[in-house]
Amino acid sequence: MSEANPSPGVATIELPEGVPVVEFKDVSITFDVKPVLKDISFSVERGQTLILLGPAGCGKSVLLKLANGLLGPDSGSIKIFGQEITTMREADLYKLRAHIGMVFHESALFDSLDVEDNVAYRLHEEHMPEDEAHTRVVEALKFVELEQAIDKFPSELSGGMRRRVSIARAIISGPDLILYDSPTGGLDPITSTTIIELVMKQRDVSHTTSLLVTHRLQDAFTLATHRYDAEKGMVALPADGPNHGTDESTKFLMLNEGGVVFHGTTEELVHSSDPWIKEYLS
Amino acid sequence: MALLSPEVWIKQQILAIQEYSILAGTAIADIFTRPHYWADVYTQMDSIGVGSMPIIVLTGFFTGCVLALQSVTALQEFGAVSMTGSLVSLSMVKELGPVLTGLMVSGRNAAGMASELGSMKVTEQIDAMRALGTDPLRKLVAPRLMATVFMLFFLTIVADAFGITGGALVSVYLLGLNGSTYLHDSYRSLAYGDIVQGLTKPLFSGFIIATVGCYFGMKTTGGTQGVGRATTQAVVVSSVFVIIVDLLVTRAMIGIFGS
């Protein structure tokens, strides 16, 4: 894997000590008459990767959209980089989103644009000179090992390639927070592993704070137990250390029926005595 | 389809009117504020204007032909066959040109806008656009609105011209009228108010087609089936409103110009 990580495009947000990157407080949202999330509270510190687990339809993707301001909650407070986004004007949200990268469930690439224009979309919006944007796109595509597909259109790509382009588009501006919405959903196991390795690489090379939604336990535990070795340029199981070598910056948040049923480390999760969690993990 | 209580149905309609008004109002405001996506405006102009040219030319031409054929039968009874040119030009410029162009573009482009934006909505491309810091109303709706209003104006002129030409060909080659008389009569019968009336209508029709098409596209839900439903609704609603607004503009113009 290429170790070159796209250079940051926007200035990194400096947060005061102790202020989490993402903070949900008593957040609830209802669609029609069905409550989807009920009084959700949690926070994500800088450099942390929070894996959101839970059965289908429990509100994981909704939670990600709330974190990006794409949806507004019915009640509660959501702070991103210490700023309250539930009362923020849409114009200010657009500025804040310059620091947030998002990988959508079905990639959400723009059909009418080729890979280069898709990845460079944000740079073009910022009126970056064409040469500089091209260089940055090539860097981002090298990171996801897809530089050969630069001229292709999304319809010419496989599901896994689309997902990788989507990751390249999300990381091109060097965001301070990345939201992954089921990045391995609908992919075969080998391609899923490739995508998870990219997420891991982004985590361990750039130490970007991230929220990752998945319903594949295998992907979640691979992320928690493996590290990307930048020197060797490959994924490796870390030497046995504290917590059996699991990545300490990776935590889990489990949702069920709109509520939080678990929030903690990998060790705490696997040793949980909660019968529902035990059944879910088995 | 599930039956709704009258209360729920009324609430839904009021909500729809509110959402449509916000979309249309924001799109108008976006036209007068920066940034503008001029490349998208030109692309839409090409798609709506140049792309609609063949159907507008054909519709206008054959409508003019039929109008001449039909009117001559009635005019013969009064011995006024020579008035054919006047009747065709007035009908085309004041009414048929703007309305038929509006309906044709509605069928072609309101459907196109609803299906394109609807597909983007259900595949989360609209959300992706917002996540990447772009206002979808500014990027997608405002350019379509500008392009439709601008191009429908000129498409109506093209339809009028081809309608009068079609009427001329039928009058000369099938009905044996004098071509010079036909064209002179056509020109002489058109007053300033007729032209203003005929060219005011496409401005309203263009606004309706673009905003209705984009509205149904942007509120699409329910996958590919939802895209189909949005497309159908966009064509039906925009076509009906083009005709209703045609009536209102006609009445207003009669009030202003007196004929």
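1. Two strands count as a pair when DSSP finds at least two bridges between them. Keep that in mind for strand β11 (residues 250–256) and strand β12 (residues 259–265) of chain A: six bridges join them, and the two run antiparallel. One thing to say right away is that this is a predicted model, so read every point below as a description of a prediction.

2. Stay with that pair for a moment. β11(A) and β12(A) make a hairpin with two residues between the strands. Asn256(A) sits opposite Gly259(A) of β12(A). In the turn, have a look at Glu257(A), which has a positive phi of about 50°.

3. Now go back towards the start of chain A for another hairpin. Strand β1 (residues 22–31) pairs with β2(A) in the antiparallel sense, over seven bridges. Want to trace the pairing yourself? Val22(A) has Val44(A) of β2(A) as its bridge partner, and Glu23(A) has Ser43(A) of β2(A). This hairpin has two residues between its strands, and Asp32(A) takes a positive phi near 55°.

4. Those two strands belong to a sheet. Which order do its strands follow? The order is β2-β1-β4-β5 in chain A, an open sheet of four strands with antiparallel pairing. The edges are β2 (34–44) and β5 (83–84) of chain A; each has a single partner strand, so one side of each has no neighbour in the sheet. As a general reminder while you look at strands, side chains in a regular strand alternate between the two faces of the sheet.

5. Next, helix α7 of chain A, which covers residues 189–206. Does the length make sense on paper, and what should its 18 residues span? At 1.5 Å a residue they should span 26 Å, and the end C-alpha atoms are 25 Å apart, which agrees. Its buried residues are Ser192(A), Ile195(A), Ile196(A), Leu198(A), Val199(A), Met200(A), Lys201(A), Gln202(A) and Arg203(A). Just after the helix comes His207(A), with a positive phi near 55°.

6. Two residues in α7(A) make a nice side-by-side exercise. Is Ser192(A) buried or exposed? Ser192(A) counts as buried because it has 21 C-beta neighbours inside 10 Å, and the cut-off for buried is 20 or more. Thr193(A), also in this helix, has 16 such neighbours, so Thr193(A) counts as partly exposed.

7. What does Ser192(A) touch, leaving aside residues up to four places away in sequence? The list is Thr184(A), Leu187(A), Arg216(A) and Asp219(A). For a feel of distances, Ser192(A) and Leu66(A) are 126 residues apart in sequence and 25 Å apart in space, C-alpha to C-alpha. Thr193(A) and Leu211(A) are 18 residues apart in sequence and 18 Å apart in space, again C-alpha to C-alpha.

8. On to the cores. The largest nonpolar core has 74 residues, and the members that touch the most others are Leu52(A), Ala67(A), Val119(A), Ala140(A), Ala168(A), Leu179(A) and Leu211(A). Helix α6 (residues 159–171) of chain A gives this core its largest share, six residues. There is also a second, separate core of 56 residues, which includes Ala68(B), Val99(B), Val170(B) and Val242(B).

9. That brings us to chain B. How many helices and strands does chain B have? The count is eight helices and zero strands. Its C-alpha atoms fill a box of roughly 65 × 45 × 35 Å along the principal axes. Chain B has 259 residues, and 45% of them count as buried. Look at its contacts too: among those with a separation of 6 or more, 88% involve residues 24 or more positions apart.

10. Pick out helix α6 (residues 179–189) of chain B, where the buried residues are Tyr182(B), Asp185(B) and Ser186(B). These cover an arc of only 100° around the axis, which puts them on the same side of α6(B). The face turned away from that buried side carries the exposed residues Ser180(B), Tyr187(B) and Arg188(B). What covers the buried residues includes α3 (84–122) and α5 (136–173) of chain B.

11. Last, where the chains meet. Eleven residues of chain B are in contact with 14 residues of chain A. On the chain B side, the residues that touch chain A divide into three nonpolar, four polar and four charged.

Technical notes:
Residues are numbered from 1 along each chain as its sequence is written. Chains are lettered from A and ligands numbered from 1 in the order in which they are written. This is a predicted model: local features need pLDDT of at least 70, side-chain atom pairs count only at pLDDT 80 or more; totals for chains, interfaces and linings use all residues. A residue is buried if 20 or more other C-beta atoms lie within 10 Å of its own, exposed if 12 or fewer, and partly exposed in between; C-beta atoms are placed from the backbone. The expected span of a helix is 1.5 Å times one less than its number of residues. Two residues are in contact if their C-beta atoms, placed from the backbone, lie within 7 Å. Ala, Val, Leu, Ile, Met, Phe, Trp, Tyr, Cys and Pro count as nonpolar, Asp, Glu, Lys and Arg as charged, and the others, Gly among them, as polar. A nonpolar core is a set of buried Ala, Val, Leu, Ile, Met, Phe, Trp, Tyr and Cys residues joined through C-beta atoms within 7 Å. The arc is that of the directions from the helix axis to the C-beta atoms.
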